[in-house]
Amino acid sequence: SLAKPLGLSPRDVAQQIVAALEPKVEGVMELPLEIAGPGFINLKFAEGYLTNALGEMAGDEERLAVPETDNKKKIVVDFSSPNIAKEMHVGPLRSTII
């Protein structure tokens, strides 16, 4: 929860996130982004975005439309199945730590 440390209501935090996020997702997500309930942010892809993205990927069998980079890094990602609807604690991270 970001609200408590910031001294704001969850809905106020959501409004700040939406204000910062909207300019970055224009053309990818439907605008305006929707705040629901106590501070949930609903995102919907813009009409045709997924169709266009999949078309680009299908047209590039070798790289799936992912651009080359000069700064290559190896990154390990482990998904430990935490419940993102609840506050995080050490329990769901146990398998990741082991």
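# Briefing on a predicted model: salt bridges, core and surface

The side chains of Lys72 and Glu68 meet in a salt bridge, with N and O 3.8 Å apart. This structure is a predicted model. Two salt bridges are counted in it, together with one aromatic pair. The largest nonpolar core has six residues, and a nonpolar surface patch covers about 540 Å². The points below take these features in turn, followed by backbone geometry and selected distances along the chain.

**Salt bridges**

- Glu68 also forms a salt bridge with Arg63, where the closest N and O atoms are 3.7 Å apart.
- Arg63, Glu68 and Lys72 are thereby linked in a network of salt bridges.
- Side chains of opposite charge can pair when their charged atoms come close.
- Glu68 has a relative accessible area of 54% and is therefore exposed, since the cut-off for that class is over 50%.
- Lys72 is exposed, as is Glu68.
- Arg63 has a relative accessible area of 32%, so this residue counts as partly exposed.

**Nonpolar core**

- The largest nonpolar core is made up of Ala14, Val18, Val25, Met29, Leu33 and Ile35.
- Helix H2, which spans residues 10-25, gives the most to this core, with three residues.
- Leu33, a member of the core, is in contact with Val18, Leu21, Glu22, Val25, Asn42 and Leu43 when neighbours within four places in sequence are left aside.
- Of these contacts, Val18 and Val25 are also listed among the core residues.

**Nonpolar surface patch**

- Phe45, Leu50, Leu54, Met57, Leu64 and Val66 make a nonpolar surface patch of about 540 Å².
- Val66 lies in the loop between helix H3 (49-58) and helix H4 (90-97).
- The relative accessibility of Val66 is 47%, so Val66 counts as partly exposed.
- Leu64, another residue of the patch, is found in the loop between H3 and H4.
- Leu64 is partly exposed because its relative accessible area is 44%, which lies between the limits of 20% and 50%.
- Phe45 likewise belongs to the patch, and its relative accessibility of 40% makes it partly exposed.

**Aromatic pair**

- A pair of aromatic rings is described by the distance of the centres and the angle of the planes.
- The single aromatic pair counted in the model consists of Phe45 and Tyr49, whose ring centres are 5.4 Å apart.
- The planes of the two rings are at 10°, and the pair is therefore stacked, the cut-off being under 30 degrees.
- Tyr49 is partly exposed, with a relative accessibility of 29%.

**Backbone geometry**

- Leu31 and Pro32 are joined by a cis peptide bond, with omega about 0°.
- Pro32 is placed in the loop between H2 and strand E1 (34-36).
- Leu64 has a phi near 55°, a positive value in a residue other than glycine.
- Ala65 also has a positive phi, about 70°, although it is not a glycine.
- Ala65 is in the loop between H3 and H4.
- With 33% relative accessibility, Ala65 counts as partly exposed.

**Sequence separation and distance in space**

- Arg11, found in helix H2, is 25 residues from Ala36 in sequence, and the two C-alpha atoms are 8.4 Å apart in space.
- Not counting residues up to four places away in sequence, Arg11 touches Ile35, Ala36, Gly37, Pro38 and Gly39.
- Ile35, one of the residues that Arg11 touches, is also a member of the largest nonpolar core.
- Arg11 is partly exposed at 35% relative accessibility.
- Val90 and Met57 are 33 residues apart along the chain, and their C-alpha atoms are separated by 38 Å.
- Val90 is placed in helix H4, and at 60% relative accessibility it counts as exposed.
- Met57, the partner of Val90 in this distance, is one of the residues that make the nonpolar surface patch.

Conventions:
Residues numbered from 1 in each chain as written. Predicted model: local features only at pLDDT ≥ 70, side-chain atom pairs only at ≥ 80, totals over all residues. Heavy atoms only, no water. Core = buried A, V, L, I, M, F, W, Y, C linked by side-chain atoms within 4.5 Å. Buried < 20%, exposed > 50% of the residue type's maximum accessible area, 1.4 Å probe, protein only. Helix = DSSP H or I, 4+ residues; strand = E, 2+ residues; numbered from the N terminus. Contact = heavy atoms within 4.5 Å. Patch = residues over 30% accessible without salt bridge, like charges linked within 9 Å, V, L, I, M, F, W, Y side chains within 5 Å. Areas by Shrake-Rupley, 256 points an atom, 1.4 Å probe, with all protein chains shown as cover. Salt bridge = Lys/Arg side-chain N within 4 Å of Asp/Glu carboxyl O. Phe/Tyr/Trp six-rings, centres within 6.5 Å; stacked < 30°, edge-to-face > 60°.
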